[in-house]
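Here is the note you asked for, set out as numbered points that can be read beside the structure. Please keep the sequence at hand and find each residue as it comes up.

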Amino acid sequence: MIERIHTSDVEPDADEVAIAGHVHEIRDLGGLVFLIVRDREGLIQIVFKEEREPELFEAVQDAGAEDVVRVVGKPLESDQAPGGVEIAPTEYEVIDEADSPLPLEISKDIEVDLSTRLDNRALDLRKPETLAVFTLRSKLMTAMEEWFDDEGFVDIKTPLISKGGAEGGAELFPILYYNQDAFLSQSPQLYKQMLMASGYEAVYETGTAFRAEDFATSRHVSEIAMFDVELAYIDDHHDVMDVQEKSLRHALRAVAENAERELDLLDVDLDVPEDDFPRITFDEALDLLETEFGHFPDDPTDLDTKGEKLLGQHFEEQGHPAFFVVGYPDEKFYYMQDVEGDDIASRKFDLIYKGQELSSGGQREHDADRMVEVMEEEGVETANFEFYIEALSFGTPPHGGYGLGIDRLVQKVADLDNIKEAIMFPRDPNRLEP
């Protein structure tokens, strides 16, 4: 490895240090050149003085933006420098020169449309603000996974190729699997339930799902990062919501404590919801939209985008950025529905965070015979789900779970305008590269 330390580890008045990174900015003031070098951890200023180091001063005259350089020198305290420290160089090496001119400005705060940024993603990912998004994302998901590991959940991996989808065929990407027709995974839902029947009791998966939808919104993409959870021996759907609430609070708290630099770069004041997340029924949500906002979703069985935003506004004003909506009607066959004694249509819920749905989940139907009845009532071809029905027919404990959209969560935590900004290399109906 090349000998160096990160810019964040450089201390004023320390012994000689070596750093390496990209040239972020160059300021030539005649007999003085300020070279700002950027690495993953931040920026540092290198001060070349013609009188002090004439050979190095001559060499730095050819420096270009985004060149990869290595500098050795003495750290000095400086109130004007990034991080309060600068380096007086004793060695300067250009490891690799960057082509010029750059198709995308890195160092200056210039407004560029998202399409141009994505077309030049390799450069856009170098921006400190963009890097901050993905460092924050990594810290967020690390904290999330640590919570589930500590709680005894098993980390699983389910197939990305299947013969059918858990949520219907219209949104599936077909592929040719040797000599068979197959599809990219839409959800690990069926496999999670099979593992509950197999005695794994509590599982999670950080995975990928694909949706072949023709959309043009700021909240949808075709390739989705998902965090899926399933747990057995539950009393009802509230046990599942408890797990989601505790784990999300833990992850947000960890980011607030351990990602201060990233949050500052993104100008985000992250509010960790310490109070219990409100839980309202679907009917209560509709009543609230009607009485408070005069809004009626076009689909009487679901909330629309505007409805989610309005409900988010209502609860954020009360200090609740996250809340659950429970009891959606006309749900899919694997949710428990029309349970005797319930005052809700189903035990399915959505988690809405900052005015956007982040996850869907609930208590599943663990009675295979009852589930087949519902499938037949809904017109679902049971022959396509024989492996799943069979797995649940050998004795299955009551269970439930949810799927959390990681990209949407990052979008909301980082306060991004578009979900594609939360994904390194997003895929949508019009983007297959880079």
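1. In this predicted model, Lys192 is buried, with a relative accessible area of 0%, and Glu230 is likewise buried, its relative accessible area also being given as 0%. Lys192 and Glu230 form a salt bridge, in which the closest N and O atoms are 3.2 Å apart. Because Lys192 belongs to helix H5 (residues 189-197) and Glu230 to strand E11 (residues 223-232), the pair ties together parts that are 38 residues apart in sequence.

2. Which side chain is joined to that of Arg364 by a polar contact of 2.8 Å? The partner is Glu230, a residue already met above as buried. Arg364 itself is buried, with a relative accessible area of 0%, and its place is in the loop between E15 and helix H10 (368-377). When neighbours within four places in sequence are left aside, the contacts of Arg364 include Gln189, Lys192, Gln193 and Glu230, and among them are also Tyr334, Tyr335, Met336 and His399.

3. Arg364 is also one of the residues for which UniProt gives the feature "binding site" in an unreviewed entry, and the residues listed with it are Glu167, Arg211 and Ser360. Arg211 is found in the loop between strand E10 (202-210) and E11, and it counts as buried because its relative accessible area of 17% falls under the 20% limit for that word. A polar atom of the Arg211 side chain lies 3.4 Å from the backbone oxygen of Gln186.

4. The unreviewed UniProt entry lists Glu357 and Ser360 for "binding site" as well. Glu357 is in strand E15 (residues 356-363), and Ser360 is found in strand E15 too. The side chains of Glu357 and Ser360 make a polar contact of 3.1 Å. Is Ser360 buried or partly exposed? Ser360 is partly exposed, because its relative accessible area is 21%, whereas buried would mean a value under 20%.

5. The surroundings of Glu357 and Ser360 can be read from their contacts, again leaving out residues up to four places away in sequence. Glu357 is in contact with Arg219, Glu308, Asp350, Leu351, Ile352 and Arg408, while Ser360 touches Tyr335, Lys348, Phe349, Asp350, Gly401, Tyr402 and Gly403. Asp350 therefore appears in the contacts of Glu357 and in those of Ser360, with contact meaning heavy atoms within 4.5 Å.

6. Gln337 sits in the loop between strand E13 (322-326) and strand E14 (348-353), and with a relative accessible area of 13% it is buried. A polar atom of its side chain lies 2.9 Å from the backbone oxygen of Lys332. Not counting residues up to four places away in sequence, Gln337 touches several residues, including Asp330, Glu331, Ala345, Ser346, Arg370, Val374 and Glu378.

7. How many salt bridges does the structure hold? There are 26 of them, and one is formed by the side chains of Glu66 and Arg38, at 2.8 Å from N to O. This pair links distant parts of the chain, 28 residues apart, with Glu66 in the loop between helix H1 (54-60) and strand E4 (68-77) and Arg38 in strand E2 (residues 32-39). Glu66 is buried at a relative accessible area of 3%, and Arg38 also counts as buried, at 6% relative accessibility.

8. Arg52 and Glu53 form a salt bridge whose closest N and O atoms are 2.7 Å apart. Here Arg52 is partly exposed, with a relative accessible area of 38%, whereas Glu53 is buried, with a value of 9%. Elsewhere, a network of salt bridges links Arg117, Arg121, Asp124, Lys127 and Glu421.

9. Finally, the surface carries a nonpolar patch formed by Leu160, Ile161, Tyr177 and Tyr178, which together have about 430 Å² of accessible area. Ile161 belongs to strand E7 (residues 161-162), and it is partly exposed, with a relative accessible area of 37%.

Terms used:
Residues are numbered from 1 along each chain as its sequence is written. This is a predicted model: local features need pLDDT of at least 70, side-chain atom pairs count only at pLDDT 80 or more; totals for chains, interfaces and linings use all residues. Side-chain values use heavy atoms; hydrogens and water are left out. Helices (H or I, at least four residues) and strands (E, at least two) are DSSP runs, numbered from the N terminus. A polar contact is a pair of N or O atoms within 3.5 Å; within protein, one must be able to donate a hydrogen and the other to accept it, and residues adjacent in sequence count only if both atoms are side-chain atoms. Patches are made of residues with over 30% relative accessible area and no salt bridge: like charges are joined within 9 Å, nonpolar side chains (Val, Leu, Ile, Met, Phe, Trp, Tyr) within 5 Å. Accessible areas come from the Shrake-Rupley method with a 1.4 Å probe; for residues, only the protein chains shown count as cover. A salt bridge is a side-chain nitrogen of Lys or Arg within 4 Å of a carboxyl oxygen of Asp or Glu. Buried means under 20% relative accessible area, exposed over 50%, partly exposed in between (1.4 Å probe, protein chains only). UniProt positions are given in the numbering used here, feature names are shortened, and annotations may be inferred rather than shown by experiment.
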